[in-house]
Amino acid sequence: MEDSIRRAAELLARAKHAVVFTGAGVSAESGIPTFRGSDGLWSRYDSEEVASIYGFKRNPKAFWDFARELMVKVKAEPNPAHHAIAELERMGIVKAVITQNIDMLHQRAGSSRVYELHGSMELVDCLDCGRVYRWDDIEGMLVEGEVRCECGSLYLKPRVVLFGEQLPAATLSAAIEESKRSDVFVVVGSSLVVYPAAHLPVYAKSSGARLIIINAEETHADHLFDVVIHGMAGKILPKVVEEVRRLRGLNGD
Ligand SMILES: [Zn+2]
């Protein structure tokens, strides 16, 4: 483990354009329940009912009851993994974060270039009158009870990708470009199962990037990676950053 942390730090210390890709594992360490797996949300909720565009159009209230559990009861805060990734950006190493998470925790930790493949909860549109709300307003409504537009409509839809919807094309192509430009590509907290997650490291590797993965469990793609670390990102990434800082200090920059 210590050896892998050192090798990851060596790659990052030399990187000119590192890109980080994050999945649900990073949010899980902030207490946000994951979707898949035996204790995931989809074992308790019908994803077609609460998280598909068809379900939303039938019954937006079911969606918002689900979102209340996910976003309000949890009170998630950025964890040491989010902070370490933001610190690598401040050090000029990480140039972009690509995430499947919709919780805005990277931005709250201080990352400024974040490509959200599944959108985020930040902006919410009224499908009836076109008013746009910010998450803070919606959160207030969720706490009070009902999410309803000033126009009376219940059809307030956050700019997240629901099942049955396409990924945002511009964000996806920007994420692919970033992956191809990267010289070090770091996967954090993703088992690389869902498209396009599985493809991004392949684009990076084909363009000559070195690959690092930090994930709780083995993945089917571990063989592609130069450095594989199994464990909690919130424990490992701060150590990587510390080691990068030490190496850069040694090199006098
Ligand atoms: Zn409205």
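**How the zinc site and strand β1 earn their labels**

Q: What spacing do the zinc donors follow along the chain in this predicted model?
A: The donors of the zinc ion are spaced C-x2-C-x19-C-x1-C along the chain. Two of these residues link distant parts of the chain: C126 belongs to strand β4 (residues 119-126), while C149 sits in the loop between α8 (135-144) and β6 (156-160), 23 residues apart.

Q: How do you know which atoms coordinate the zinc ion?
A: A donor has to be an N, O or S atom within 2.8 Å of this metal. The SG atoms of C126, C129, C149 and C151 lie at 2.2 to 2.3 Å, so they count as donors.

Q: What makes the arrangement around the zinc ion tetrahedral?
A: Four donors get that name if all angles lie between 85 and 135 degrees. Here the 4 donor atoms subtend angles of 103 to 115°, so the label fits. For comparison, the ideal angle for four tetrahedral donors is 109.5 degrees.

Q: Why is C126 called buried?
A: Buried means under 20% relative accessible area. C126 has 3% relative accessibility, so it counts as buried. C149, at 4%, is buried by that rule too.

Q: Why does C129 count as partly exposed?
A: That class covers values between the buried limit of 20% and the exposed limit of 50%. With 37% relative accessibility, C129 falls in that range and is therefore partly exposed.

Q: How many disulfides does a search of the whole structure find?
A: The search finds 0. To count, a pair of cysteine sulfur atoms would have to be within 2.5 Å.

Q: What makes strand β1 (residues 18-22) largely enclosed by the rest of the structure?
A: 5 of its 5 residues are buried, so the description follows. A18, V20 and T22 point one way from β1, and V19 and F21 point the other way. This fits a general pattern: in a regular strand the side chains alternate between the two faces of the sheet.

Q: How do you know that β1 pairs with strand β2 (residues 94-99)?
A: Pairing takes at least two bridges, and 5 bridges join β1 to β2, which run parallel. A18 stands opposite V94 in β2. β1 also pairs with strand β7 (residues 184-188) in the parallel sense over 5 bridges, where V184 is the bridge partner of A18.

Q: What feature does UniProt place at residues 1-250?
A: The unreviewed UniProt entry gives "domain: Deacetylase sirtuin-type" there. Over residues 1-250 the chain is 42% helix and 18% strand.

Technical notes. Residues numbered from 1 in each chain as written. Predicted model: local features only at pLDDT ≥ 70, side-chain atom pairs only at ≥ 80, totals over all residues. Heavy atoms only, no water. Donors = N, O, S within 2.8 Å, 3.2 Å for Na, K, Ca; no water. Tetrahedral: all angles 85-135°; square planar, octahedral: opposite > 155°, others 65-115°. Helix = DSSP H or I, 4+ residues; strand = E, 2+ residues; numbered from the N terminus. Buried < 20%, exposed > 50% of the residue type's maximum accessible area, 1.4 Å probe, protein only. UniProt positions renumbered as here; feature names shortened; annotations may be inferred.
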